[in-house]
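Work through the exercises below with the structure open. Try each task before reading its solution.

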Amino acid sequence: MRTATDIHREPFFFSSSHPADDPNQNALDREITALDITLAAVHRRLHRRLAETRKRRNALARISRLPTELMIKILLIELEEVDIKKYYPRVKTLSQVCATWYSIIQNTANFWAHVHSDFSLPAIGRILYKSRNAPLTAECGHLQTSSSAKAFVNMLVPSAKRIRSLAVSRDFAAGSEAIKLVGPKLERLEYRTTNVSKPVSLGSRVGRLDALRELTLESASLPWSSVSLKGLKTLKLFRITSEGLLMSQLWCMIAESPSLRHLVLNNVSISQGPTQTGTPTITLPCLRQLHLIHLSQTTIQLILNAIRAPACLDINVTHDSDSSTSDSLPVLLSLSQALPNIQAVLNEGYQLCVNVNFRLFRCWTDRERYGDPDEPSIEIEMREISPYKALDWLLNLLKPPRDRRSTLTLGSDFNISEPSFTHAVNHKLGFVTSLYLTTDLTVDPLLKQLGQQITHQGIPGWPMPRLSALNLGTAYFSGSTLIETLRNRYKGRKGGKKGKGKGSKAATKPVPLTSLVVVGHQSMDEEYQDEVEEILGPGVMDWDMDEEDYDEDYSFDEDIDYWDDPYYGNHLYSAWD
């Protein structure tokens, strides 16, 4: 009789194993293998056919009909503003759009011409090989290890002649070695160091830079007398407080650069020089930006009086040190050359924006629907020029069109009781449509002034008659004063031009107030809300809440879809990518 052990040792009846010499099984295995090979081949053919069909379909698109040279220019323009550290990930993304773009990018040297000190040396070697003879953009960034910084520089030295853009940051350990990368074809040079007391002199190791278009130096200097700057468009000098420029050298540099568009002098020591007798007048027809930051008032006046820039749109004058010269008239007269540009764009449809506080005066223009890089602006921050005087100077020269919007912002330390400003409210700010108050002082005097009729040249009227938006911000005010002003201005005295009877004419009714913003922590009791709505109508006042008035019962509403619109921000899969 068989035991359980004997039964266990026998082959299981339902086992899938078959004898190796079974001819039927071997034939089936060969057939299965052949079918697998055939199926794989069919898949490959189908994939190739699908790819070719898609390629033919893409070829029908208009963008695919563009010449290769034009397509290269379009893609390079797309990559112009990309940060160098994000450049190659962006290149990879573009190359994955279609086979045509992949082929163009892989076979065009200009797409592989950006090197950064953060890249590994093998990666830099591959980039230099793929870039062939294309112009290079090199950036010496944050690298505090001297040996690594020198290795990076030495790897680029053989290709220095084709470097067109070079940037050396303050945190690059081999800053002096990086001068070896300055070549004759350099178009953009940005060299920054941290040694303010002893600026780095690039010295004789830098030859003539005839191709230079942009020059930015921080705590560094060039042999100005031996450097040609004929084609220079941007000159920015920062923190050169010792061994700085002579005024004669500055005039020579500017005079050699008739195409200069951007001139920035920030904390630069400029000496008159022992033989300086007169200041020549230099006309810069292309200059669009003039920033004079932390210079002496004498230097500022000298530069403003000497430069004629009819197309200048961005002027910034900042001086925060005490000066024995208190006459600000020359500075304001020199700044007047920019006002025609502001007047011109106001006539074209821009709105005027003015921001003033105790130290700063800023006037700029703005498009209501889109940004414009050529928006004119004037910014003054000098102790010798009070913002009240600057505002009065602007109002005397500028004539804003009556049909344009204008915003006036008063800073936190602006004194609204200044007599010149009080006069301006009554007689010079009639063009203002929006008033934004952020002053830490009480604004009750201004509110009372807005609620009182005035007489100008025998004609009754109201201060700021075009005011349609009032934002009280963080300003302190009395609720009763605000109500009285609104009642007098918009309800108590109807205005109009009826007045058929005897007596003085009635004042023209001011523009209705369509927006009133009141911060919740101010002395504006809730009982005033009904009075405001009675005077101005519902929906005009916006009572902002501060932290103390925040409703703790507010919770997330699950019935609202907060994600109807795509999130653009800095999301990796932004629609802008």
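**Exercise 1.** How many helices and strands are there in the protein?

*Solution.* The model is predicted: local features need pLDDT of at least 70, side-chain atom pairs count only at pLDDT 80 or more, and totals for chains, interfaces and linings use all residues. Residues are numbered from 1 along each chain as its sequence is written, and side-chain values use heavy atoms, without hydrogens and water. Apply the DSSP runs: helices are H or I, at least four residues; strands are E, at least two; both are numbered from the N terminus. The protein has 16 helices and 23 strands.

**Exercise 2.** Place glutamate 190 and decide: buried or exposed?

*Solution.* Step one: find the element. Glutamate 190 sits in strand E4, residues 188-192. Step two: apply the cut-offs. Buried means under 20% relative accessible area, exposed over 50%, partly exposed in between (1.4 Å probe, protein chains only). Glutamate 190 is buried because its relative accessibility is 18%. In the protein, 42% of the 577 residues are buried.

**Exercise 3.** Which residues does glutamate 190 touch, not counting those up to four places away in sequence?

*Solution.* Contact means heavy atoms within 4.5 Å. Glutamate 190 touches Leu166, Ala167, Val168 and Thr216. Take threonine 216: it lies 26 residues from glutamate 190 along the chain, yet their C-alpha atoms are 4.6 Å apart.

**Exercise 4.** Classify cysteine 286 and cysteine 312 by accessibility.

*Solution.* Cysteine 286 has 33% relative accessibility, so cysteine 286 is partly exposed. Cysteine 312 has a relative accessible area of 2%, so cysteine 312 is buried.
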